[in-house]
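Me: I'm more at home with gels than with coordinates. Could you walk me through how to read a fold, feature by feature?

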Amino acid sequence: MAETIARERVRISERDIEDYRRDGVVCLRGLFARDWIERLRAALARNMQKPGPWHRSITKPGQPGNFYYDSMMSRFDPEFRAFAHESPAAEIAGRLMEARATRFYYDQLFVKEPGTLDPMPWHQDLPYWPFQGKQICSIWLAIEDVTAQGSGVEFVAGSHAWGKWYLPQLPYDDNRKYEGLGLEPCPDFGKRKGEPGLRFLTWDMQAGDCLVFSALTVHGSGGNTAMTHRRAALSTRWLGDDATWDPRPATNTYYYEPEGTGLAPGAKAGGRHFPEVWRRPG
Ligand SMILES: O=C(O)CCC(=O)C(=O)O
């Protein structure tokens, strides 16, 4: 019975799970109550007034718009923390990944003001992260409506299953640390549209819709040339049953310095930095 109630609450179908398994990404509509969106808009406004220690303004001075992002907001702001622990996000991630339980990893804000030209280069997330595992995903929640011209995120369907790890490529000049990792640069998939065997997925979204995608699905976004309104999204990152700690060189372990996570390489994700938030009933 608890199972039935939980399923109805997040309304995830077998079809959604199959799509996620095959494409490595799915768009889910209207699973977050309006109240969450209002709370996150207020939290975003607060954050942009007083950004956290890892925020970035990627747009160079003199260029139009502003591509702004911040990370680990839940450590500093109770509203972002409440979202991670109390919203349906953990359950959505767990059900899509077909996991028994989900742990919260971290959160990031991605904002592109109208007129911003800066793209988010094509990339996979896992090469940046000190984890290994198939059950690792993000939930990219639209806090404002998004269209393709308004810098909607685009995905290469099925790329999570290619067995490839591409070289990380940050949208700001901090990429030297990745030299020497021995990974192939991520192609500019935007120039490969129409190529046989490549399928691209992107969605117009309303605030409250979300994208759930695997940490190995290749994705990127263009500028916000729609000029109508700010594009703003909250990405929360989630760990499933098989996620293990793998602090490879140049991964973002700096969030846990100086004390570290207490996890030995190869250990299952756990401990105070990666709390369990959802467990499958029964
Ligand atoms: O919002 C964007 O443009 C990029 C988002 C992204 O790369 C992510 O959430 O992993």
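Me: What does the radius of gyration tell me about this protein of 282 residues?

Reply: It lets you compare the chain with a compact globule. This is a predicted model, and for 282 residues such a globule would have a radius of gyration near 19 Å; the protein has 18 Å, which agrees. Along the principal axes, the C-alpha trace spans about 55 × 45 × 45 Å. As for the parts list, there are five helices and 16 strands.

Me: How many of the residues count as buried?

Reply: A residue is called buried if 20 or more other C-beta atoms lie within 10 Å of its own. By that count, 41% of the 282 residues are buried. You can also ask how far apart in sequence the contacting residues are. Among contacts between residues at least 6 apart, 84% join residues at least 24 apart.

Me: Which residues have the most contacts inside the largest nonpolar core?

Reply: That core has 70 residues, and Ala93, Cys210 and Val212 have the most contacts inside it. Take Val212: leaving aside neighbours within four places in sequence, its contacts include Tyr20, Val25, Leu28, Cys137 and Ile139. Ala93, Ile92 and Leu96 are among the contacts of Val212 too, and those three are buried residues of α5.

Me: How many residues of helix α5 are buried?

Reply: Nine of the nine residues in α5 (residues 89-97) are buried, so the helix is largely enclosed by the rest of the structure. Even Glu91 and Arg95 are among the buried ones. Just after α5, Glu98 takes a positive phi of about 60°.

Me: And how do I read a strand? Which residues of β12 are on which side?

Reply: Start with the general idea: in a regular strand, side chains alternate between the two faces of the sheet. In β12, Cys210, Val212 and Ser214 sit on one side, with Leu211 and Phe213 on the other, and all are buried. That makes five of five residues in β12 (residues 210-214), a strand that is mostly covered.

Me: Which strands pair with β12?

Reply: Look for the bridges. Strand β1 (residues 25-28) is joined to β12 by four bridges and runs antiparallel to it; there, Cys27 stands opposite Leu211. β7 also pairs with β12 in the antiparallel sense, over five bridges, and Ser138 has Phe213 as its bridge partner.

Me: What is the strand order in the open sheet of four strands?

Reply: Read it across: β5-β13-β8-β11, with antiparallel pairing. An edge strand pairs on one side only, and here the edges are β5 (120-123) and β11 (200-201). Further in, three bridges join β8 (residues 153-156) to β13 (residues 219-221), and Phe155 stands opposite His219.

Me: Is Trp122, in edge strand β5, buried or exposed?

Reply: Count its neighbours: Trp122 has 23 other C-beta atoms within 10 Å, so it is buried. Not counting residues up to four places away in sequence, Trp122 touches Cys186, Pro187, Asp188, Phe189, Val218 and Gly220. Gly220 is a good example of how folding brings distant positions together: Trp122 and Gly220 are 98 residues apart in sequence but 4.3 Å apart in space, C-alpha to C-alpha.

Me: What surrounds the ligand?

Reply: List the shell, then sort it. The ligand is surrounded by Phe110, Met120, Asp125, Ser138, Trp140, Val153, His219, Ser221, Ala233 and Ser235. β7 (136-142), β13 and β14 (231-239) each give two or more residues to that shell. By class, it has five nonpolar, four polar and one charged residues.

Me: Where should I look for unusual backbone geometry?

Reply: Check phi and omega. Phi of Arg11 is near 45°, a positive value in a residue other than glycine. Arg11 is in the loop between α1 (2-10) and α2 (14-23), and it is partly exposed, with 13 other C-beta atoms within 10 Å. Ala250 has a positive phi as well, near 70°, and lies in the loop between β15 and β16. For omega, the peptide bond from Glu257 to Pro258 is cis, near 5°. Pro258 is also placed in the loop between β15 (244-245) and β16 (276-279).

Definitions and conventions. Residues are numbered from 1 along each chain as its sequence is written. This is a predicted model: local features need pLDDT of at least 70, side-chain atom pairs count only at pLDDT 80 or more; totals for chains, interfaces and linings use all residues. Two strands pair if DSSP finds at least two bridges between them. A residue is near a molecule or strand if its C-beta atom, placed from the backbone, lies within 6 Å of it. Ala, Val, Leu, Ile, Met, Phe, Trp, Tyr, Cys and Pro count as nonpolar, Asp, Glu, Lys and Arg as charged, and the others, Gly among them, as polar. A nonpolar core is a set of buried Ala, Val, Leu, Ile, Met, Phe, Trp, Tyr and Cys residues joined through C-beta atoms within 7 Å. A residue is buried if 20 or more other C-beta atoms lie within 10 Å of its own, exposed if 12 or fewer, and partly exposed in between; C-beta atoms are placed from the backbone. Two residues are in contact if their C-beta atoms, placed from the backbone, lie within 7 Å. The radius of gyration is taken over C-alpha atoms; the globule rule is 2.2 Å times the number of residues to the power 0.38.
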